[in-house]
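Hi everyone, thanks for making time for this. I'd like to walk you through one structure, so please get the picture up on your screens.

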Amino acid sequence: MKLSMMINYSGDFHADVERVRELEAAGLDIVWVPEAYSFDSVSQMGYLAAKTSTIQIGSGILNTYSRTATCMAQTAAGLDYVSGGRFVLGLGASGPQVIEGFHGVPYEKPMARIRDYINVCRMTWRREKVVYDGKAVQIPLPEGEGTGLGKPLKLINHPVREDIPIFWASLMGLSVTATAQYADGWLPIFFDPEKFHTVWGDELKKGQAQRDESLGQLQISAGGMVAIGDEFAGDAADRVLDMARPNVALYVGGMGARDKNFYNTITQKYGYVDEAIEIQDLYLSGKKEEAASKVPREMLANTNLVGTASHVKERIAAYQEAGVTHLAVTPIGDPTKTIEQLRDLMG
């Protein structure tokens, strides 16, 4: 199992780079760089590539609306080149608030669009002429659109790898099925290793049944906050878990529209139906702190790794049993010490 961590897109980037260098030495395998509607992550990942030597650098995530499919392929190939083959392409659809509100692009066919982007990226990295007629992407432009002067082209450079790993941040239904069928890896949220099958089991099985064997096993990156030690037992564990409440309440209560919030749906599928409805009602009424207080303690405990060393070791085993290949961690306290502790517990 690999260890991964995400840096903060609104933090001190240069300080984060120095911390990543320390974590690289401590055994961190991959750092994810988010973008949202902050500074672009590509420039930051290029900088990280120059400052590190072994750690993998992943986009967590690049949305498939603000860059064309071939631009995404060029970008991934470029980052893989400057990092010496250490790049991981994390893709996602984001949401209409960001795509339409910030980028001014219609939020259409998100699942089909990501699938098309995956196909175009792989064609481009194989240096095939890009001729593609998908549901969301057509290259070159179809007849009757544009000047009519476009022609099929292939990437000029020879990529370091033609099989750059692609992770898909999918949430529900057909997107999860398509992830299991087409992507190298999956970036879920609120992943409970004992209960995830109740939310995504059928979709994952359907997609994996149609998966090309050449892709290998579906990699999964999941985890949460990590705090290890006797000082994090009992009530102390609750105090750490409480730190996650505002963010969970934001997603479950405030993301998307009242009748179209996938995070709320996930929470309900886990069995917290009444709690999810109450959290959303409170959050949308402006009662954010009260909404946070209603996040189920069990949900927090199961989606984070907080407690004694023996307890955290058991949680690591649960993630491994669930098929998680990349344990995504948010250290509470000293990140370097936490990575070293995890490495010891993982043997």
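**Odd spots in the backbone, then strands and helices**

Let's begin in a loop: I61 sits in the one between β3 (56-59) and β4 (62-63). Before I say more, keep in mind that this is a predicted model. So what kind of peptide bond joins G60 and I61? That bond is cis, and omega is about 5°.

Now slide along to another loop, the one between β7 (138-139) and β8 (166-168), where you'll find P140. The peptide bond running from I139 to P140 is cis too, with omega near -10°.

One more backbone oddity, and then I'll move on. Look at the loop between β2 and α2 (41-51), and you'll spot A36 there. What is the sign of phi at A36? It's positive, about 50°, even though A36 is not a glycine.

Okay, on to the strands. Find β1, residues 2-6, because I want to look at who pairs with it. On one hand there's β12, residues 326-331: β1 and β12 run parallel and are joined by three bridges. If you want a landmark for that pairing, K2 stands opposite H326 in β12. Then there's β2, residues 30-33, which also pairs with β1 in the parallel sense, again over three bridges. The landmark here is S4, whose bridge partner in β2 is I30.

How does the chain get from β1 to β2? It passes through helix α1, residues 13-26, and this β-α-β crossover is right-handed.

Since we've just met α1, let's stay with it. The axes of α1 and α15, which is residues 335-346, come within 9 Å and cross at roughly 20°. Anything under 35 degrees counts as roughly parallel, and therefore α1 and α15 are roughly parallel to each other. Their crossing is right-handed. Who touches whom? From α1 we have R19, E22, L23 and A26, and they meet P335, T336, I339, E340 and R343 in α15. Sorted by class, that contact has four nonpolar, one polar and four charged residues.

Next pair: α6, residues 173-182, and α7, residues 196-209. Their axes come within 7 Å and cross at roughly 40°. That makes α6 oblique to α7. The crossing of α6 and α7 is right-handed. On the α6 side, the contact is made by G173, V176, T177, A180 and Q181, while α7 brings W200, E203, L204, K206, G207 and Q208. How many of the residues in this contact are charged? Two are, alongside four nonpolar and five polar ones.

Last pair, I promise. Helix α9 is residues 245-254 and helix α11 is residues 273-284; their axes come within 8 Å and cross at roughly 90°. The range for roughly perpendicular is 65 to 115, so α9 and α11 are roughly perpendicular to each other. In α9, the residues A249, L250, V252, G253 and G254 meet A276, I279, Q280, Y283 and L284 of α11. And the classes? Seven nonpolar, three polar and no charged residues make up the contact of α9 with α11.

To go over the angles once more: roughly 20° for α1 with α15, roughly 40° for α6 with α7, and roughly 90° for α9 with α11. That's my bit, thanks for listening!

Definitions and conventions. Residues numbered from 1 in each chain as written. Predicted model: local features only at pLDDT ≥ 70, side-chain atom pairs only at ≥ 80, totals over all residues. Heavy atoms only, no water. Axes fitted to C-alpha atoms, helices over the stretch in contact; angles between N-to-C directions. Helix = DSSP H or I, 4+ residues; strand = E, 2+ residues; numbered from the N terminus. Parallel < 35°, antiparallel > 145°, perpendicular 65-115°, else oblique. Left-handed = near helix turned anticlockwise from the far one by under 90°. Contact = heavy atoms within 4.5 Å. Nonpolar A, V, L, I, M, F, W, Y, C, P; charged D, E, K, R; others polar. Pairing = 2+ DSSP bridges. Right-handed = clockwise from strand over helix to strand, strands pointing away.
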